[in-house]
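Trainee: I've got a structure open and I'd like to learn how to read it. Could you walk me through a few features?

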Amino acid sequence: ASFGFRTVPEDAKETLVKDVFDSVASKYDLMNDATSFGVHRLWKDEFVDRLKPGRKGALRCIDVAGGTGDIALRILDYARENYADRETSVEVVDINGQMLKEGYTRFKKTMYHNTPQVSFHEANAQALPAEKFLDNTYDVYTIAFGIRNCTSIPSVLKEAYRVLKPGGTFACLEFSKVENPILSTLYDQYSFSIIPLMGTVLTGDRESYQYLVESIRRFPPQPEFAQMIRDAGFATGRDVEGPGGSWTDLWGGIAAIHTGVKV
Ligand code: SAM
């Protein structure tokens with residue numbers, strides 16, 4: 001069966017996304033490594049390195065679409081290893097209970113288990129329950145490889161803006177647009193044929209990986225997404241770091257890091 005994704009009405013998208021991640025949850029980390037040859041680890045390291053958690057004291061972080069806790073673990077390790085900070089905390093939020101369960105089990109093997117440094121919450125990025133995720137609460141909001149799965153990017157950004165403290169940082173790591181035509185052609189070939197094939201071989205689930213590849217193609221290119229971040233009220237690189245990029249391309253735009261500051 002095919003998801004026939006393009007014909008699925010928007011309101012069914014959340015259920016669809018939930019099903020996709022339900023079916024890949026237990027193999028998610030393995031597939032990430034296989035499809036990116038481990039490169040996602042380097043990108044995630046770079047993403048967290050830019051935030052330098054712990055440098056200016058403990059941070060209260062929220063990692064939305066946090067899945068199995070890859071970003072959360074890196075934030076906590078970074079703060080501890082570089083700044084001996086054991087006060088920084090991360091609330092991992094995801095719409096999918098299965099992914100969170102994988103994350104919880106994984107954290108059991110870490111020193112953060114059963115400490116106030118990490119917690120897991122099932123919620124939709126587009127409508128974080130306001131009584132639980134209060135206004136002006138977090139120093140850092142991260143979302144990695146998650147926003148493209150959301151039906152409404154503006155709703156996600158609006159919520160990010162709401163829960164961040166004034167001066168707080170929004171940071172997004174996401175697959176993006178490759179400008180170079182040669183790289184772009186190679187990348188297309190790779191992602192449309194090899195990734196779904198790997199999905200079939202490793203997890204027996206071609207459709208989920210097909211969907212993931214298609215969702216990457218539909219995501220707005222870097223300048224458009226940067227504008228959406230500004231439209232949500234954030235100051236981006238252009239305003240806070242002088243003229244130039246509001247984002248940083250990784251590997252020629254295969255992925256990109258966008259940041260914004262709540263003003
Ligand atoms: N951030 C993790 C990482 O980088 O490894 C997980 C990324 S995974 C590709 C995408 C995650 O987004 C999945 O765990 C999925 O359940 C979650 N997700 C999709 N739509 C969501 C929504 N509307 N709200 C919250 N999480 C969502």
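Mentor: Sure, we'll start with the whole chain and then look at some helices and loops. Keep in mind that this is a predicted model.

Trainee: How many helices and strands does the chain have?

Mentor: There are 10 helices and eight strands. Of the 263 residues in the chain, 40% are buried. Contacts tell you about the fold as well: take those between residues at least 6 apart in sequence, and 77% of them join residues at least 24 apart.

Trainee: What makes Phe 21 count as buried?

Mentor: You count C-beta neighbours, and 20 or more within 10 Å means buried. Phe 21 has 21 of them inside 10 Å, so Phe 21 makes the cut. You'll find Phe 21 in helix H1, residues 13-24. Skip its neighbours within four places in sequence, and Phe 21 is in contact with Asn 96, Gln 98 and Met 99. Now try Gly 204: that residue is 183 residues from Phe 21 in sequence, yet their C-alpha atoms are 14 Å apart in space.

Trainee: What span should helix H8 have, going by its residues?

Mentor: Allow 1.5 Å a residue, and the 13 residues of H8 (206-218) should span 18 Å. The end C-alpha atoms are 19 Å apart, which agrees. The buried residues of H8 are Ser 208, Tyr 209, Gln 210, Tyr 211 and Leu 212.

Trainee: And how do I read two helices packing together? At what angle do H3 and H4 pack?

Mentor: Look at the angle and the distance between axes. H3 (residues 39-51) and H4 (residues 70-83) pack at about 50°, and their axes are 10 Å apart. That angle makes H3 oblique to H4. The crossing of H3 past H4 is right-handed. On the H3 side, the contact is made by Lys 44, Asp 45 and Val 48, while H4 brings Asp 70, Ile 71, Arg 74, Ile 75 and Tyr 78. Sorted by class, that contact has four nonpolar and four charged residues, with no polar ones.

Trainee: What about phi in the loops?

Mentor: Most residues other than glycine have a negative phi. Asn 114 has a positive value, near 60°. Asn 114 sits in the loop between helix H5 (97-108) and strand S3 (118-122). Trp 251 also has a positive phi, about 50°, and belongs to the loop between strands S7 (247-250) and S8 (255-262).

Trainee: Are those two residues buried, partly exposed or exposed?

Mentor: Count neighbours again. Asn 114 has 9 other C-beta atoms within 10 Å, so Asn 114 is exposed. Trp 251 has 15, so Trp 251 is partly exposed.

Methods
Residues numbered from 1 in each chain as written. Predicted model: local features only at pLDDT ≥ 70, side-chain atom pairs only at ≥ 80, totals over all residues. Helix = DSSP H or I, 4+ residues; strand = E, 2+ residues; numbered from the N terminus. Expected span 1.5 Å × (residues − 1). Buried ≥ 20, exposed ≤ 12 C-beta atoms within 10 Å, placed from the backbone. Axes fitted to C-alpha atoms, helices over the stretch in contact; angles between N-to-C directions. Parallel < 35°, antiparallel > 145°, perpendicular 65-115°, else oblique. Left-handed = near helix turned anticlockwise from the far one by under 90°. Contact = placed C-beta atoms within 7 Å. Nonpolar A, V, L, I, M, F, W, Y, C, P; charged D, E, K, R; others polar.
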